[in-house]
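Subject: A structure for you to look at

Hi there,

Here is the structure I promised to pass on. Please open it alongside this note, and I will walk you through what turned up.

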Amino acid sequence: MSVGRSGGLASHSRELGGILGIILCLIVWFMPAPHGLPWAGQKCLALSLLAVCWWACSVVHPGFTSLLLLVGWILTGTAAPEQVLALWTKPLLYIVVGGSLIAAAVEKSGLGRRIAYWFILRYVHSFRGILASAYFLGFLLSFVIPHPWPRSFMVMAIMAIVVRACELEPRDAANVGLAVFASSVPVSMILLTGDSAINPMALSFAGVEPRWITWLWYMGVPGIAATLLTFLLQLKLFPAPKGFVLRKEALRAEAARMPRMTRAEKATAFWVGAAVLLWATDSLHHISAGWVALLAAVGLALPRIGGVLEPADWNRVSLPTLFFLTAGLGIGAVGKATGMSGWLATVILPAHVPGNLFLFALLVTALSIAVHLCVGSIMAVMGIVTPTILVFTAGGGMNPVVPALLVYLAVGMHFILPFHHMNVLVGEGDLGGRYGRAEVFRLGLPLTLVVFVTILGVALPWWKLIGLIR
């Protein structure tokens, strides 16, 4: 996100955010010990507030802030290194590593582009169809590309051809771009591989091994409902241009330039297909999704039967994302171990869990959104709020998966401005979807209501139906 250049406080927001984070850290560090908060928990809270403030204000790249937080916990004796860096010994981290490499193979081979061309040419016939295809292609490609950003940019590259061929007005072109990137927010919730970084993280907070079929069972219906409601909301807010005619000639010409299915595409289809099959049957063989993703990546690099991935493709694995994920989960793990999460639960939550499930869900959703509005980072919010809610509900007989998924749903599908969700932020401007803050705000503000409707009207009844809530 760019820094303001108009002068005044906006032009110094990063510096002010950096100073504010340090001040908050020092205040909490040296204040008299609050009742019920151990010294280790006080140190954890001070350092966590520093990191959250720096993340929210983009003081430095999130990866550097994450490193500062992790090293700070270790050097101050807040937690042992093996506890701070425990994520690196778990398969969750390697879903991200393997998923990034698989995404690189699908993009390099041209398989994803071929799927997108085929679908649009065969099934899209109107402007609404273009918007709908952005949503559906995101879902279709989430089977083979376990991260929303490369999926969105791949679909946007094809949509850009449609925009040029149909000579769309700037506002209509922005609507198409918004559909591509905003749709990735709810679509990414349907499959575990919809977002290989955030989705497994939600279950990990509850102490549950992330499994593909389990995630689909829990989140498939709420994710589909969120996708349909977001799509209908966009259709309502952004009307289709009058007299629109979809010209497919340019798209057919681009598709015709692609050669017949290459060996690289066939190899990619084989290894990704094998990975999807193993992900979908993990309840039978009990091999973690992370190890499956790594094995598929290795297969894509093997000579003759792979050969798609090369040494340079390791650059597609984002170290900052891995450390950000480590820090986000670390706030939960270290916060729980040091007593910070328990203390926060007593301070910001009622004395007792509401007896009515819908009132409880309303409380969790409102708290999660409020924190998300200030912090912006989904991982950071989940790292703070989820452990606190889990402590709050401990001993009450509630399955920990329920509060963990409630927080995930609340922040995972919520945005009002681009910085609230990286899936939307990466597409902002001329280099992405040609939309700006005005279009995002117009969609995002009423989308907050969709969050509540999805959670209260779909997720809770569904979880009750399948026995997750008893």
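Let's start with one residue, Thr 393: its relative accessible area is 7%, so this threonine counts as buried, the cut-off being under 20%. Please keep in mind throughout that you are looking at a predicted model.

Thr 393 belongs to helix 19. Which residues does Thr 393 touch, leaving aside those up to four places away in sequence? They are Val 353, Phe 360, Met 398 and Pro 403. You can also try finding Ser 341 from there: Thr 393 and Ser 341 are separated by 52 residues in sequence, and their C-alpha atoms lie 12 Å apart in space.

Now for the chain as a whole. The protein chain has 22 helices and 0 strands. Its radius of gyration is 22 Å, close to the 23 Å that the globule rule gives for 470 residues, so the chain is as compact as a globular protein of that length. The C-alpha trace spans about 70 × 50 × 45 Å along its principal axes. Of the 470 residues, 55% count as buried. If you take the contacts between residues at least 6 apart in sequence, 79% of them join residues at least 24 apart. As for the outside, the accessible surface of the chain comes to about 20000 Å², and 68% of that belongs to carbon and sulfur atoms.

Next, the empty spaces. Rolling a probe the size of a water molecule over the atoms shows where empty space is left.

How many cavities of 30 Å³ or more does a search of the whole structure find? There are 2. The largest cavity has a volume of about 60 Å³. Among the residues lining this largest cavity are Val 185, Met 189, Asp 195, Tyr 408 and His 421. Helix 10 and helix 20 (401–412) each supply at least two residues of that lining. Sorted by class, the lining of the largest cavity has 5 nonpolar, 5 polar and 1 charged residues.

The second largest cavity holds about 40 Å³ of space. Its lining is made up of Ala 134, Gly 138, Pro 148, Arg 151, Ser 152, Val 155, Val 180 and Ser 184. Helix 7 (127–141), helix 8 (148–165) and helix 9 (170–187) are the elements that give two or more residues to this lining. Which helix gives the most? That is helix 8, with 4 residues. By class, the second largest cavity is lined by 4 nonpolar, 3 polar and 1 charged residues.

Last, a pocket. The second largest pocket contains about 600 Å³ of space. It is lined by 29 residues, and the closest to its centre are Lys 90, Ser 204, Phe 205, Gly 207 and Ala 333. At least two lining residues come from each of helix 4 (81–84), helix 5 (91–109), helix 10 (198–205), helix 16 (319–338) and helix 19 (378–393). Helix 16 gives the most to the lining of this pocket, with 6 residues. The classes here are 16 nonpolar, 10 polar and 3 charged residues.

Two helices are worth picking out as you turn the model. Helix 10 supplies residues to the lining of the largest cavity and to that of the second largest pocket. Helix 19, where you met Thr 393, also contributes to the lining of the second largest pocket.

Enjoy exploring!

Best wishes

Definitions and conventions:
Residues are numbered from 1 along each chain as its sequence is written. This is a predicted model: local features need pLDDT of at least 70, side-chain atom pairs count only at pLDDT 80 or more; totals for chains, interfaces and linings use all residues. Side-chain values use heavy atoms; hydrogens and water are left out. On a 1 Å grid over the protein atoms alone, a cavity is a set of points where a 1.4 Å probe fits but cannot get out, and a pocket is an open set with protein on both sides within 12 Å along at least five of seven lines; lining residues have an atom within 4 Å of a point. Grid points are joined across faces, edges and corners, and a volume is the space filled by probe spheres set on the points. Ala, Val, Leu, Ile, Met, Phe, Trp, Tyr, Cys and Pro count as nonpolar, Asp, Glu, Lys and Arg as charged, and the others, Gly among them, as polar. The radius of gyration is taken over C-alpha atoms; the globule rule is 2.2 Å times the number of residues to the power 0.38. Buried means under 20% relative accessible area, exposed over 50%, partly exposed in between (1.4 Å probe, protein chains only). Contact means heavy atoms within 4.5 Å. Accessible areas come from the Shrake-Rupley method with a 1.4 Å probe; for residues, only the protein chains shown count as cover.
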